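Biologist: I'd love a close look at the charged side chains in this model, especially any salt bridges. Could you walk me through them and set them in the context of the whole chain?

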Amino acid sequence: MSVNPNENPEPDETPEAGDRPEPEKRPEPDARPGAEEKPAAESEPEEARAVEGAESAPTAVVPAPETASGVGGAPSGRRRLADALWPPRVTRAQLVVALLLACLGFGLAIQVSSTSEGSALRGARQEDLVRILDELDDRTQRLEDEKARLEKQRSELESSSDQAEEARRQTQEKERQLGILAGTVAAEGPGITLTVTDPVGAVESDMLLDTIQELRAAGAEAIQVDGVRVVADSYFTGGGDDMRIDGTPVTAPYVFKVIGKPEDLEPALNIPGGVVQTLEKEQATATVERSAKIVVDALRPAKRPDYARSSSP
């Protein structure tokens with residue numbers, strides 16, 4: 001084969017494996033219809049400018065807004081509760097509910113107060129409760145009787161032809177009743193005789209005073225002890241061998257003459273924990289005897305008050 005010296009020899013166009021240029025990667029076309037393939041030459045300058053701007057801009061860390069929870073900027077339950085409560089939004093229904101609750105609390109306070117006032121009876125013995133109940137029943141009955149008597153007097157005054165004479169008669173009857181209570185006139189009627197023996201001298205004045213109080217609570221209208229008339233202002237002193245009533249010495253056995261309803265007087269003394277059991281604990285003996293006629297003839301002098309005067313003309 002002859003070689004023309006005027007012709008340049010063709011270089012070997014087959015490159016070696018290591019010198020082969022990598023094929024240029026083109027962006028895959030958008031598969032969506034109507035989308036046009038953007039040349040690589042147009043997209044590369046934008047990416048370069050974005051990279052250059054990011055490198056030239058100063059790096060700054062912007063803190064995320066702090067919240068109570070710190071997750072995603074969402075407020076915590078405590079923050080939401082605070083926002084819901086303040087500022088307060090009061091509706092008419094809430095005002096009505098608040099008023100009802102205030103009324104309920106006031107009623108409960110009154111109930112607790114009334115319950116605490118009656119708590120004194122909770123610690124009382126059964127005997128004391130029975131005695132208190134009997135006394136209340138007796139007082140209720142006496143008040144009913146007094147009411148009936150007063151209504152009868154009013155009817156008599158209204159129906160009487162001579163009202164002046166009827167008023168005079170009722171005044172005299174009232175004077176007699178007050179005289180019995182004051183001890184200035186004698187009295188007689190059904191009642192009981194209470195005899196208290198004290199062989200060891202253990203009975204004190206307060207025990208006799210408790211006996212008088214029990215009899216009065218049971219409806220006693222006139223009381224006499226060993227010849228001494230007992231009235232509202234009577235007092236007991238001493239004890240044993242030196243017992244005195246209104247300053248007058250009395251000795252055992254003490255004999256009580258009491259005018260009243262026997263069916264009420266005797267049970268009042270014999271109730272559990274009453275006068276009879278209390279005296280028996282002190283080695284004394286109390287005997288009750290009913291009678292259809294008791295005479296109370298011990299009198300007290302009528303005392304003129306020093307300062308009080310009648311206001312009637």
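Modeller: Happy to; I'll start with the overall picture, go through the salt bridges, and then turn to the surface and the interior. This is a predicted model, so local features need pLDDT of at least 70 and side-chain atom pairs count only at pLDDT 80 or more, while totals for chains, interfaces and linings use all residues. Residues are numbered from 1 along each chain as its sequence is written, and side-chain values use heavy atoms, with hydrogens and water left out.

The protein chain has 8 helices and 8 strands; these are DSSP runs numbered from the N terminus, with helices (H or I) of at least four residues and strands (E) of at least two. Of its 313 residues, 21% count as buried. Buried means under 20% relative accessible area, exposed means over 50%, and partly exposed lies in between, using a 1.4 Å probe and protein chains only. The accessible surface comes to about 23,800 Å², and 54% of that belongs to carbon and sulfur atoms; the areas come from the Shrake-Rupley method with a 1.4 Å probe, and for residues only the protein chains shown count as cover.

Now to your salt bridges. I count one when a side-chain nitrogen of Lys or Arg is within 4 Å of a carboxyl oxygen of Asp or Glu. That rule gives 7 salt bridges.

One of them pairs Glu-146 with Arg-149, whose closest N and O atoms are 2.3 Å apart. Both residues sit in helix H4 (residues 126–159), 3 residues apart, about one turn of the helix. Glu-146 counts as partly exposed because its relative accessibility is 32%, and Arg-149 is partly exposed too, at 23%.

Helix H5 (residues 163–182) holds another pair, Glu-173 and Arg-176, 3 residues apart, about one turn of the helix. Their side chains meet in a salt bridge of 2.7 Å, N to O. Glu-173 has a relative accessible area of 31%, so this residue is partly exposed; Arg-176, at 43%, also counts as partly exposed.

Further along, Asp-242 bridges to Arg-244, with the closest N and O atoms 3.4 Å apart. Asp-242 is partly exposed with a relative accessible area of 44%, and Arg-244 is partly exposed with 31%. There is a network as well: salt bridges that share partners join Asp-233, Asp-246 and Arg-300.

What about charges outside these bridges? Glu-204, Asp-206, Asp-210 and Glu-282 form a negative surface patch. Patch residues have over 30% relative accessible area and no salt bridge, and like charges are joined within 9 Å. Asp and Glu count as negative, Lys and Arg as positive, and His and the chain ends are not counted; the charge is placed at NZ of Lys, CZ of Arg, CG of Asp or CD of Glu. Glu-282 lies in the loop between helix H8 (275–281) and strand E8 (285–296).

For contrast, take Ile-212 in helix H6 (residues 205–217). Ile-212 counts as buried because its relative accessibility is 1%. Leaving out residues up to four places away in sequence, Ile-212 touches Ile-223, Val-225, Val-230, Phe-236 and Phe-256, where contact means heavy atoms within 4.5 Å.

Conventions. Patches are made of residues with over 30% relative accessible area and no salt bridge: like charges are joined within 9 Å, nonpolar side chains (Val, Leu, Ile, Met, Phe, Trp, Tyr) within 5 Å.
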